[in-house]
Amino acid sequence: MARGPKKHLKRLNAPKSWLLDKLSGVFAPKPSAGPHRMRECLPLVIFLRNRLKYALNGSEVTKIVMQRLIKVDGKIRTDKNFPSGFMDVISIEKTNEFFRLLYDVKGRFIVHRITAEEAKYKLCKVKKLLVGNKGIPYVVTHDGRTIRYPDPLIKPNDSVQYDVETGKILDFLKFDSGSLCMIVGGRNLGRIGTVISRERHPGSFDIVHVKDAVGHSFATRMTNVFIIGKGQKPWISLPKGKGVKLSIAEERDKRLNRKGR
C-alpha cells in the first residue's frame with residue numbers, strides 16, 4: 001500500500017467548478033495544503049492558464065509565479081498549486097489587475113475583476129470563537145485565519161471585513177434575518193438572496209430560508225450561508241446576473257433574445 005497522502009489527482013476526479021475538460025490529459029493539478037479545502041479551491045495554475053490564458057502550459061505558469069508577480073490576499077505566492085478559494089483577492093501588480101474569486105449560479109468559480117480600492121479588503125465568515133492562552137479571545141475564519149481580540153459582538157456565522165494589508169478587522173456583518181447572503185455550498189451554490197428565517201434543529205443541521213431578488217425562495221444548511229451585506233446593499237461588487245438563478249426556459253429565452261439582436 002502507498003504510504004502518506006496522495007500526491008496525484010486524476011482529471012475526472014477534479015472538482016467540476018474548475019471546468020477542466022476530460023480529454024486533454026489524464027491528470028489535473030493537485031492543490032497544495034493551504035487555507036481552503038481541495039474541493040473548494042482553485043489552484044493558481046488553473047487560474048492563470050485556463051481562466052486568464054496568461055500561460056499555455058504548467059511550466060509557463062511556474063515561470064510567472066517564480067517572478068513573484070502573483071499575490072493572494074496581499075502575500076506573494078510562488079507555489080503554482082497554491083489553493084486560492086472563495087473571496088480571495090488575487091492581485092497582479094505588473095498589469096495592475098485585481099480579481100476576487102466568487103461563484104456563479106451554476107457553482108463554477110468565476111474570475112471577478114475588482115478595483116484596487118476594493119482589493120484592499122475581503123469578507124471572511126467566522127467559523128469559531130475561542131479563548132486562547134492567557135484568556136486572549138480569537139476568531140477562526142473560513143480561510144483558516146485566526147484573528148485576535150475581535151469585537152465582543154462578533155459571533156460564529158457572522159462575516160468580518162478583513163483588511164488584507166494590516167490583518168485587522170475593519171467592520172463586521174451579523175447573521176440576521178434581512179441580511180444579504182451568498183450560498184457557498186450545496187445545490188444552490190452561488191445564489192444570492194436575503195435571509196428570511198432560520199430553523200433550529202438541535203442535534204442536526206440548522207436550516208436557513210433565503211429569498212432572492214426576483215422572489216424565488218429556497219432553503220439550505222446554515223453552514224452554506226455566507227453573509228455579504230446588509231439589507232439590499234452588498235459590501236463587495238457582485239458578478240453579472242447578481243446571483244439570480246434562471247430556470248431552463250428563462251435561460252433559453254435570454255439566449256434567443258441575444259441572438260435575435
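**Charged pairs, cysteines and surface features**

In this predicted model, R37 is an exposed residue, with a relative accessible area of 60%. The side chain of R37 meets that of E40 in a salt bridge, with an N to O distance of 3.5 Å. The partner, E40, is partly exposed, at a relative accessible area of 38%. Side chains of opposite charge can pair when their charged atoms come close. In total, 17 salt bridges are found in the structure, and the pair of R37 and E40 is one of them.

A further salt bridge links R145 and D73, whose closest N and O atoms are 2.9 Å apart. R145 sits in the loop between β11 (137-141) and β12 (146-148), while D73 sits in the loop between β4 (70-72) and β5 (75-76), so this pair ties together parts that lie 72 residues apart in sequence. R145 also meets the side chain of D143 in a salt bridge, at 3.0 Å from N to O. Are these two acidic partners of R145 buried or exposed? D73 is buried, with a relative accessible area of 10%, and D143 is buried as well, at 5%. The pairs do not stand alone: through salt bridges that share partners, D73, D88, K122, D143 and R145 are joined into one network.

The cysteines come next. How many disulfides does the model contain? The count is zero. C41, for instance, takes part in no disulfide, and the nearest cysteine sulfur, which belongs to C124, is 16 Å away. For a pair to count, the two sulfur atoms would have to be within 2.5 Å, so C41 and C124, with 16 Å between their sulfurs, do not qualify. C181 is likewise in no disulfide; here the nearest cysteine sulfur is again that of C124, at 17 Å. Both residues are shielded from the surface: C41 is buried, with a relative accessible area of 0%, and C181 also counts as buried, at 0% relative accessibility.

Helix α1, which spans residues 44-51, is mostly covered. How many of its eight residues are buried? The count is seven, and these residues are L44, V45, I46, F47, L48, R49 and R51. Two arginines, R49 and R51, are thus on the buried list of α1 along with L44, V45, I46, F47 and L48. Just after this helix, K53 adopts a positive phi of about 60°.

The surface offers its own features. K240, K254, R255, R258, K259 and R261 gather there in a patch of positive charge. One member of this patch, R261, is placed in the segment after α3 (248-260). R261 is exposed, with a relative accessible area of 79%; this value counts as exposed because it is over 50%.

Another exposed residue is S177, which has a relative accessible area of 54%. Where in the chain does S177 lie? S177 belongs to the loop between β14 (169-173) and β15 (179-183). S177 and A55 are 122 residues apart along the chain, and in space their C-alpha atoms are separated by 45 Å.

Key: Residues are numbered from 1 along each chain as its sequence is written. This is a predicted model: local features need pLDDT of at least 70, side-chain atom pairs count only at pLDDT 80 or more; totals for chains, interfaces and linings use all residues. Side-chain values use heavy atoms; hydrogens and water are left out. Buried means under 20% relative accessible area, exposed over 50%, partly exposed in between (1.4 Å probe, protein chains only). Patches are made of residues with over 30% relative accessible area and no salt bridge: like charges are joined within 9 Å, nonpolar side chains (Val, Leu, Ile, Met, Phe, Trp, Tyr) within 5 Å. Accessible areas come from the Shrake-Rupley method with a 1.4 Å probe; for residues, only the protein chains shown count as cover. A salt bridge is a side-chain nitrogen of Lys or Arg within 4 Å of a carboxyl oxygen of Asp or Glu. Lys and Arg count as positive and Asp and Glu as negative; His and the chain ends are not counted. The place of a charge is taken as NZ of Lys, CZ of Arg, CG of Asp or CD of Glu. Helices (H or I, at least four residues) and strands (E, at least two) are DSSP runs, numbered from the N terminus.
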